[in-house]
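The following exercises concern strand pairing, helix packing and cysteine geometry. Please inspect the sequence and the structure before reading each worked solution.

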Amino acid sequence: MRGLSNLFAGAKIAATEDNVVKDRIRIGCGAGFADDRIPPGVEIVERGDLDYLAMECLAERTIARETLDRAKDPTKGYTPVLLERMEAIFPPALRRGIKTVTNMGAANPMGAADAVRKHAREWDCPDYRCAVVVGDEVSDLMRAHPELVLMEDGAPLESLLPRMASANAYLGADVVAQGLATGAELVITGRVADPALFLGPMLHAFGWSYDDYAKLANGTLAGHLLECSGQLTGGCFADPGKKEVEDLAGLGYPLADVWVDGRVEVSKTPGSGGRLDVATCTEQLLYEMHDPSAYITPDCVLDASKVTFEQTGRDRVAFHGATAKPRTPTLKVVVGYFDGYMGSGEMGFAGINAVARAKLGIEVVKERLRRRGLTYEEMRIDLIGMNSLHGNDTAPEPYEVRLRIAARTTDKKAAEAVGAEVRSLHMQGPTGAGGGINFGAKQILAVKSVLIPREWVRTEIVMEDAA
Amino acid sequence: MSVRVYDLAHARAGDKGNTSNISVTAYDAAGFQVLQRELTPEVVLAHFRHLGAGPVRRYELPQLGALNFVIENALGGGVTRSLAIDPHGKSLSALMLTIVLPGHNEAGAAAD
């Protein structure tokens, strides 16, 4: 069986050599967030007939956490799930001649490349080349320019510098294309704009230039649609009796067919569950988008305000009408900084008078914290089952309710006390308190952003040495 | 008879910092016309104000039958430092769908 699939893989690799310009490539999404489900990623590799696989695993602040990991252990700092995900997905991708692009390098792309190489032998991978994109890390630049202005509140960057944990610029698709141009089968990056992980293979395969705005628009929009994996294919969508999704449990990941002239159709793993149609595409188009006529990425300013979708087959949709303006002269930098600690805990109540008992529990915990002399910048009280998600004060009383208390403070001990006091309601609170959880204290890593001139950022493609 | 956004449209919420954006997509053209007329930024703000949210901007995509609402200050200080149980506000799409459209709500129409 292995011999057969290797034979097949060999033929596929020959057909996708870089000197052969294809008029169509197929790019799949293998992950849409750090802890995204792995089986659909394997499935799209095995059944998607892909040329490229992109895996997006870096939320706004995760890189800050990974920067801390790296500070503790210089070999770490990549996405923690890297090896588990790559063990499942990379060997079959390699056997099929699929080139893999991922930002799982996080705060340590070279370390990620080393870790994969170390394990690739165990995974029985054939030889491969890995290109690493470095240069997104810009904390020195931040320290050199305390006068930069924070986008969120207009305050000077200087105010955050003493608490800064990380600073990374969002790079564009050009560095991904440069990585692929080395002939590498694997490109590992740190912070790269999510759609750029998908646009990069298009720039590489078709040689699109940065003044071909129609193609950049389509490529960026394709990346935007694909970057959240199952959210295009029926995830975040099902509402029983109203909006049905077939085999949601077997939800497949999305892929895009992209033609050299810029035409795009999105689809999903053949035979997988979920649905991909105009409705799911419309929801995902506007996901995390503010002004649809000016969606700023490092590669272009996308105008999606006139986009239309056309169902061209089962689970297959084309889009039209995307345009773009030139990329801005600046790059966005996300600065991660320490913002104290959050402590939290929960306790359940049910039956007659459950809500009143929960409310008494809240008052008891607050008073006990007060008598211990502990203070908090902000405290949040929720009654789960009534108001925890939408803050609704008029919800009818449910049969059961959970109280939740969360508080932020610079004092770690005070943060730890919150969940401990909640949990002790089991024995020292109102009657019938059950199912308590102390979530402990978590260090808060918050983020703010600045814009910097593009030319300040020096990127480099480093070939990871197989030796 | 009262009509909810839920009856006419589906919705999805996304986050950026302390701002939530919620798209509302009508099931058909007639529904979009109603939403375009009645689901104003003011109506949405009134429904989200108790979260400390606002201001609200609305973008129209008539070719998709969709409205995109950008609701500032809706995420408890921002995804990364919020104490909320749903810091991303992913569930806020469901709050949007509970809005009763004023032109179809007898009490609301009388108040106008």
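The model is predicted.

**Exercise 1. Determine which residues of α9(A) and α10(A) meet, and classify the crossing of the two helices.**

Step 1. On the side of α9(A), the contact involves A:Leu221, A:His224 and A:Leu225, which meet A:Cys281, A:Gln284 and A:Leu285 of α10(A). By class, these contact residues comprise four nonpolar, two polar and no charged.

Step 2. Two packed helices are described by the angle between their axes and the distance between the axes. Here α9 (residues 213-226) and α10 (residues 278-285) of chain A have axes that come within 9 Å and cross at roughly 100°.

Step 3. Angles of 65 to 115 degrees count as roughly perpendicular. The helices α9(A) and α10(A) are therefore roughly perpendicular to each other.

**Exercise 2. Carry out the corresponding analysis for α2(A) and α4(A).**

Step 1. The axes of α2 (residues 39-47) and α4 (residues 82-95) of chain A are 9 Å apart, and the packing angle is about 5°.

Step 2. Angles under 35 degrees count as roughly parallel; α2(A) and α4(A) are therefore roughly parallel to each other.

Step 3. From α2(A), the residues A:Gly41, A:Val42 and A:Val45 meet A:Ala88, A:Ile89, A:Pro92 and A:Ala93 of α4(A). This contact has six nonpolar residues, one polar and no charged.

**Exercise 3. Describe the sheet formed by β9, β10 and β13 of chain A, and state which strands stand at its edges.**

Step 1. The three strands form an open sheet with antiparallel pairing, in the order β9-β10-β13.

Step 2. The edges are β9 (295-296) and β13 (323-325) of chain A; each has a single partner strand, so one side of each is left without a neighbour in the sheet.

Step 3. Between β9(A) and β10 (residues 301-303) of chain A, the antiparallel pairing extends over two bridges. Within it, A:Ile296 stands opposite A:Val301.

Step 4. Helix α9(A) lies across β9, β10 and β13 of chain A, and runs at about 110° to β13(A).

**Exercise 4. Identify the pairings of β2(B) and establish whether its residues are buried or exposed.**

Step 1. β2(B) (residues 19-26) pairs with β1 (residues 9-16) of chain B in the antiparallel sense, over eight bridges. In this pairing, B:Thr19 is the bridge partner of B:Lys16. The hairpin of β1(B) and β2(B) has two residues between the strands, and B:Gly17 takes a positive phi near 60° there.

Step 2. β2(B) also pairs with β4 (residues 66-71) of chain B, again in the antiparallel sense, over six bridges. B:Thr25 stands opposite B:Ala66 of β4(B).

Step 3. In a regular strand the side chains alternate between the two faces of the sheet. In β2(B), B:Thr19, B:Asn21, B:Ser23 and B:Thr25 point one way, whereas B:Ser20, B:Ile22, B:Val24 and B:Ala26 point the other way.

Step 4. Eight of the eight residues of β2(B) are buried.

**Exercise 5. Explain why A:Cys228 forms no disulfide with A:Cys29.**

Step 1. A disulfide requires two cysteine sulfur atoms within 2.5 Å.

Step 2. The closest cysteine sulfur to that of A:Cys228 belongs to A:Cys29 and is 8.1 Å away, too far for a bond. A:Cys236 is likewise in no disulfide, its nearest cysteine sulfur being that of A:Cys228 at 8.7 Å.

Step 3. A:Cys228 counts as buried, at 14% relative accessibility, whereas A:Cys236, at 47%, counts as partly exposed.

Step 4. Over all chains, the structure holds zero disulfides.

How values were computed: Residues numbered from 1 in each chain as written. Chains lettered and ligands numbered in written order. Predicted model: local features only at pLDDT ≥ 70, side-chain atom pairs only at ≥ 80, totals over all residues. Heavy atoms only, no water. Buried < 20%, exposed > 50% of the residue type's maximum accessible area, 1.4 Å probe, protein only. Helix = DSSP H or I, 4+ residues; strand = E, 2+ residues; numbered from the N terminus. Pairing = 2+ DSSP bridges. Axes fitted to C-alpha atoms, helices over the stretch in contact; angles between N-to-C directions. Parallel < 35°, antiparallel > 145°, perpendicular 65-115°, else oblique. Contact = heavy atoms within 4.5 Å. Nonpolar A, V, L, I, M, F, W, Y, C, P; charged D, E, K, R; others polar.
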